[in-house]
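Student: I am new to this structure and would like a close look at a single part of it, chain B. Please describe how that chain is built and then how it sits beside the other chains.

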Amino acid sequence: MPKWFMPFAALTAVMFTASPLLIANADYESTMGLVQKVFYYYLPAAWVFLISAIVCGVASARFLVSGSPRQDRLAYAAAELTVLFGAIVLVTGPLWARKAWGVWWQWDVRLTSSLMGWMVAWAYLLVRKYGGPGSDKLAAGLALFGAANVPFIYISVNYWRTIHPATSVVPTLPVDMGTALWFCVACFILLFVLLLRLRVHLEEQRTKLDALFLSLDE
Amino acid sequence: MFARTAWLVLRKDLTVEVRSLEIAYTTLFFAVACVLVFAFALVKEGKAPEDGAAGILWIAIAFAGTLALGRTFERERQSETLRALLMAPADRPAIYVGKLLGIVALLCGTEIVLVPLVAFLFQAPLFRHPFWLAVVLVCGTVGFATVGTLFSAMLVRARSRDVLLPVLLYPITVPVIIAGVRATATLLEPDAELALVRFWVALLLALDVVFLTLALWTFEPLMTD
Amino acid sequence: MRLALLLVLLLASPAMAQQPPPTQQDEFVPVSQLPAQDQLPAARLLIAAYAFVWLAVFAYVGSVGRRLTQVQHEVERLEADIKRGSRT
């Protein structure tokens, strides 16, 4: 593990421990009250979900073009993180929606396309696990289509009338809500980088193991 | 050269298919069975659900399409003909386009039977705007087949290929299915808003273009071993 | 003061909204046409949400750690085998 990993991890842990303080200090939103505070973890998780899908797509494209195993490891790790953060979004979102909208789920554009993006990430993992030889390229092709879905997920809510808030909400947040939000965004991005590095490390060890097996046969 | 290669591949597929009609018949039968299962499942007191026709039509197309894709490429796998095709001095994307056109032809043939059947079983006025219905069906089928042909070709040498094709295909083609269903449902309404239908068709065309571009880019690197 | 500003925006937005509820939010103040629901314990939902985030992250880190120790044991075992093999 690289030298920056442990200090980074310590910093992330400290920031995450501090985050509830900032969140508690932020103003209550006028009609949704207490439950709106889910937003401070939900939105960064959603952004990291989208970023992770893009990282997977870009790494997959580079893997297809150059065949570099490093890009393949990165894509695999990013796909797993897409599933993780997507799960967070898809659980905390409905928990908030139950109180704010009165329903657990709505088949509007943003939610449906996010769910589909999450399933594409799951499909990636299934293909890598059960696809047999050549599954790395197969999954890379799939990841490209998944990454093409991401801009659609983001801007869809601006063009369709849905129950989900538009992207114009975040720039217009009042100061203390904004501070809490951007702090949590920083926490989540640090967490993403950490988890990505950790997962890539696992893949590197697996590659090392495969190389050892091969050398044993010689 | 590109067009000629695509045409040759398409002609080969059609010739092989016409001789036995195996895939055509089995896909057609499966699609009809699918629609019938929906009819039996959803009919209440002898009447079909009001808005069911559009969704059921597209689900039948999606399922039949998956079957057709699996069978077509299974045939290629059996005599290793796909590898032979790839070794030929032809543009890889052209081979892809040829196979794509074959699948689209097969699916359109299935739809020609499915649409009257669904209209009959669910009392849906599918033939009120035949031109727009045809446009919606063709655009949606092309979108579905584009992704399907790419993934089926990639899966030919993979393990668990029968299970993995739906796993890969359905999440990606959901936007196509949604747009197709919504467009068809709008056409079925008593006073269909053609502007809305045009919007969904535009979305379908955009999706087709994006998927086709991605598929043409990735076919070459994905098929190299 | 800030709350008053938010309330003013809240009152202004229904005038601009033309479509029937549920409507989309442009500011972070939803339209007051939201259907009233029975008092669900918001605190419970909030705690469940945060708890899930923590659990998910820790479960994932645990899973990666477990797989890592597995692979590392395999690597050590193989390296020992190779060393033994090359000595004979």
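Tutor: A residue is called buried if 20 or more other C-beta atoms lie within 10 Å of its own, exposed if 12 or fewer do, and partly exposed in between. By that rule, 46% of the 225 residues of chain B count as buried. The model is a predicted one, and every value below is computed from it.

Start with the chain as a whole. Chain B contains eight helices and zero strands, so its pattern, read along the sequence, is simply α-α-α-α-α-α-α-α. Taken along the principal axes, the C-alpha atoms of chain B fill a box of roughly 55 × 35 × 30 Å. The radius of gyration of chain B is 18 Å, which agrees with the value near 17 Å that a compact globule of 225 residues would have. The contacts within the chain can be sorted by distance along the sequence. Among those in chain B between residues at least 6 apart in sequence, 83% join residues at least 24 apart.

Now take one helix of this chain, α7(B). Helix α7 of chain B covers residues 161-188 and has a kink of about 50° at B:T173, shortly before the proline B:P175. Of the 28 residues of α7(B), 22 are buried, so the helix is largely enclosed by the rest of the structure. One residue of helix α7 of chain B is B:Y170. B:Y170 has 18 C-beta neighbours inside 10 Å and therefore counts as partly exposed. The C-alpha atom of B:Y170 is separated by 9.3 Å from that of B:T66, although the two residues are 104 apart along the chain.

Next comes the pairing of α7(B) with another helix. Two packed helices are described by the angle between their axes and the distance between the axes. Helix α6 of chain B, residues 130-155, and α7(B) have axes that come within 9 Å and cross at roughly 170°. Because angles over 145 degrees count as roughly antiparallel, α6(B) is roughly antiparallel to α7(B). Sorted by class, the residues in the contact of α6(B) with α7(B) are 16 nonpolar, seven polar and one charged.

Two loop residues of chain B deserve a look for their backbone angles. Most residues other than glycine have a negative phi, and most peptide bonds are trans. B:L21 has a phi near 55°, a positive value in a residue other than glycine. B:L21 is placed in the loop between α1 (2-20) and α2 (22-42) of chain B. With 10 C-beta neighbours inside 10 Å, B:L21 counts as exposed. B:Q123 also has a positive phi, near 45°, and is a residue other than glycine. The loop that holds B:Q123 runs between α5 (92-121) and α6 of chain B. B:Q123 has 11 C-beta neighbours inside 10 Å, and so counts as exposed.

That leaves the neighbours of chain B. There is no contact between chain B and chain C, and their closest C-alpha atoms lie 17 Å apart. Chain A does touch chain B: 20 residues of chain A are in contact with 19 residues of chain B. On the chain A side, the elements that give two or more residues are α2 (39-66), α4 (109-130) and α5 (135-159) of chain A. The largest share of that side, eight residues, comes from α5(A). By class, the residues of the side of chain A that touches chain B divide into 14 nonpolar, five polar and one charged. Of the two pairs of chains in contact, however, chains A and C share the most contacts.

For background on this partner, chain A has six helices and zero strands. Its C-alpha trace spans about 70 × 40 × 25 Å along the principal axes of chain A. Of the 218 residues of chain A, 45% count as buried. Among contacts in chain A between residues at least 6 apart in sequence, 79% join residues at least 24 apart. One residue of chain A can serve as an example: A:W107 is placed in the loop between α3 (69-100) and α4 of chain A. A:W107 counts as exposed because it has 9 C-beta neighbours inside 10 Å. The C-alpha atoms of A:W107 and A:I163 are separated by 9.7 Å, with their positions 56 residues apart along the chain.

Key
Residues numbered from 1 in each chain as written. Chains lettered and ligands numbered in written order. Predicted model: local features only at pLDDT ≥ 70, side-chain atom pairs only at ≥ 80, totals over all residues. Contact = placed C-beta atoms within 7 Å. Helix = DSSP H or I, 4+ residues; strand = E, 2+ residues; numbered from the N terminus. Nonpolar A, V, L, I, M, F, W, Y, C, P; charged D, E, K, R; others polar. Bend = angle between axes of the 7 residues up to and from the residue. Rg over C-alpha atoms; globule rule 2.2 N^0.38 Å. Axes fitted to C-alpha atoms, helices over the stretch in contact; angles between N-to-C directions. Parallel < 35°, antiparallel > 145°, perpendicular 65-115°, else oblique.
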